[in-house]
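Reader: I'm new to this, so please pick one part of the model and walk me through it slowly. Spell out any jargon as you go.

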Amino acid sequence: MAEPLRPFRLRGCSGPQKFGVAAGSLRGLLRKGCRLLQLPLAGSRLCLYEDGTELTESYFRALPPQTELVLLGPGESWRGCASDIERLLAAFCSQQDAVVEAARRLLTDERAPRRQKLLADLIHNLSENILADDKEDDKKWFEGLESRFKNKSSYLRHSCESRMRGYMREVSGFISNVHPAARESYREIIDLMADKLKSVKYNGCYFDRREEEEAARLCTAEGWFSCQGPFDKDNCPCKHSINPYSNRESRILFSTWNLDHIIEKKRAVVPELAEAVKTRDGREVNWEYFYQLLFTLDNLKLVHIACHKKTNHNLSCDRTRIYRKRKQTHEIS
């Protein structure tokens with residue numbers, strides 16, 4: 001007695017189009033699918049869309065009607081939903097404009113809130129104007145900013161400079177905690193640090209795409225920045241990344257990221273500097289080491305706000321680098 005026909009949704013692995021096919025056996029469904037998708041029967045097979053499980057006759061009989069299946073030709077493979085994701089990611093790179101247009105068409109008819117948000121976020125992210133730098137080429141990016149900023153690089157450079165100036169003010173403000181007898185020496189070190197910061201434009205070059213060689217230390221030429229925290233793990237577990245050049249929302253969100261001192265500025269570096277000046281006893285304080293800890297990527301990591309550790313890092317300065325030998329001068333007789 002022939003098995004009753006049951007309906008299934010069938011598709012190939014190279015496209016999303018689905019077909020309704022009814023069959024009473026795995027062999028019958030495979031034969032109909034191969035004719036429909038013009039695949040050779042020999043070497044073809046059927047699998048579940050959701051996870052790629054290949055069907056056997058007994059497994060087929062247990063499937064409920066309308067199960068979504070994928071027909072694979074010779075040499076083809078299917079890894080479940082991940083295969084669709086791979087195809088979508090490939091389309092992002094090769095057909096970005098077409099993906100945006102397709103997402104817009106889908107959004108006009110979509111009613112499910114979660115799918116609406118996914119489509120809206122997709123359109124937003126793929127419509128980024130990353131390559132534009134001048135204000136005239138991406139006016140929306142500059143909304144809410146002072147009119148003096150004429151390009152994206154200048155604003156992001158200014159933001160970095162502001163952070164560095166803030167760190168410098170904290171170091172300077174600590175002088176009231178320094179032993180009175182050491183304050184003049186502490187002030188001299190502050191002046192040296194300030195001069196060095198000015199000479200490198202307060203490290204704003206890290207955020208200036210026109211100075212690619214320097215900027216490449218922190219980001220790629222396209223302006224992508226990756227979260228480097230938490231500091232005690234190999235990398236960010238959430239894979240946070242952002243391109244502040246892309247759109248206004250990303251620029252605003254980027255302002256919430258932290259430049260996190262691994263050896264902490266307030267708890268370790270500045271107090272250690274003050275103590276080094278107080279107890280130097282004729283030795284020369286290695287102020288450039290402290291400068292590196294306070295103002296450079298040697299001790300700073302760009303961290304998403306969710307990965308910023310608020311607890312004590314329990315790290316201290318390298319005591320072998322706090323002082324350095326004085327340069328000796330020899331008189332010529």
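Author: Let's start with the open sheet of four strands, which has the order 2-1-4-3 and mixed pairing. Strands here are DSSP runs of E with at least two residues, helices are runs of H or I with at least four, and both are numbered from the N terminus. Two strands pair if DSSP finds at least two bridges between them. Strand 2 (19–23) and strand 3 (45–48) stand at the edges with a single partner strand each, so one side of each has no neighbour in the sheet. On average, neighbouring strands are turned by 45° against each other, ignoring direction.

Before going on, a word on the source: this is a predicted model, where local features need pLDDT of at least 70 and side-chain atom pairs count only at pLDDT 80 or more, while totals for chains, interfaces and linings use all residues. Residues are numbered from 1 along each chain as its sequence is written, and side-chain values use heavy atoms, leaving out hydrogens and water.

Now zoom in on one edge. Strand 1 (residues 6–12) and strand 2 run antiparallel, joined by five bridges. If you look for Phe8, you'll find Val21 of strand 2 opposite. Helix 1 (residues 26–37) packs on this sheet, touching strand 1, strand 2, strand 3 and strand 4 (68–72). Touching is a matter of contact, meaning heavy atoms within 4.5 Å. The direction of helix 1 makes about 145° with that of strand 2; such angles run from 0 to 180 degrees between N-to-C directions, and axes are lines fitted to C-alpha atoms, for helices over the stretch in contact.

You can read helix pairs in a similar way. Helix 6 (residues 152–173) and helix 7 (residues 183–199) have axes that come within 10 Å and cross at roughly 170°. That makes helix 6 roughly antiparallel to helix 7 (over 145 degrees; under 35 is roughly parallel, 65 to 115 roughly perpendicular, and the rest oblique). Met164 and Met168 are among the helix 6 residues there, meeting residues of helix 7 including Ile190 and Leu197. By class, this contact has eight nonpolar, one polar and no charged residues.

Helix 6 also packs with helix 10 (residues 265–278), at about 55° and with axes 10 Å apart, and these two helices are therefore oblique to each other. Here Tyr167, Glu170 and Val171 meet Lys265, Lys266, Val270 and Leu273. This contact divides into four nonpolar, no polar and three charged residues.

Methods:
Ala, Val, Leu, Ile, Met, Phe, Trp, Tyr, Cys and Pro count as nonpolar, Asp, Glu, Lys and Arg as charged, and the others, Gly among them, as polar.
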